[in-house]
Amino acid sequence: MASRISLKSKGKTSAKPSKGSEERSVAQSFKGWSTWALKKAKVITRYGFIPLVIIICMNSEPKP
């Protein structure tokens, strides 16, 4: 089952959203995306560092 991101606020809604609730939803959205990006960067760094070092060492001039 695929997850969907909903930008609708929960609870009672008025015809015109206040500026504070809109700013909060933007802040929550930014917080969610930044958390997701940092988790992905952590995984990429963890599993990509040693292969990167190996590739750089294999392409360096003093060949073993």
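**Close-up views of a predicted single-helix model**

**View 1. W36 and its exposure in the predicted model.** In this predicted model, W36 has a relative accessible area of 48% and is therefore partly exposed, since the partly exposed class ends where exposed begins, at over 50%. W33 likewise counts as partly exposed, because its relative accessibility is 49%.

**View 2. The aromatic pair of W33 and W36.** The structure holds 1 aromatic pair, and this pair is formed by W33 and W36 in an edge-to-face arrangement, with 5.6 Å from centre to centre and 80° between the planes. The two residues are 3 residues apart in helix α1, so about one helical turn separates W33 from W36.

**View 3. A nonpolar surface patch that includes M58.** F49, I50, V53, I54 and M58 together form a nonpolar patch on the surface, and their combined accessible area is about 510 Å². M58 is placed in helix α1, which covers residues 19–58, and M58 counts as exposed because its relative accessibility is 56%, where the cut-off for exposed is over 50%.

**View 4. The protein chain as a whole, for context.** The secondary structure of the protein chain consists of 1 helix and 0 strands, and of its 64 residues, 0% are buried. The accessible surface of the protein chain amounts to about 6,900 Å², with carbon and sulfur atoms contributing 65% of that area.

Key. Residues numbered from 1 in each chain as written. Predicted model: local features only at pLDDT ≥ 70, side-chain atom pairs only at ≥ 80, totals over all residues. Heavy atoms only, no water. Patch = residues over 30% accessible without salt bridge, like charges linked within 9 Å, V, L, I, M, F, W, Y side chains within 5 Å. Areas by Shrake-Rupley, 256 points an atom, 1.4 Å probe, with all protein chains shown as cover. Salt bridge = Lys/Arg side-chain N within 4 Å of Asp/Glu carboxyl O. Helix = DSSP H or I, 4+ residues; strand = E, 2+ residues; numbered from the N terminus. Buried < 20%, exposed > 50% of the residue type's maximum accessible area, 1.4 Å probe, protein only. Phe/Tyr/Trp six-rings, centres within 6.5 Å; stacked < 30°, edge-to-face > 60°.
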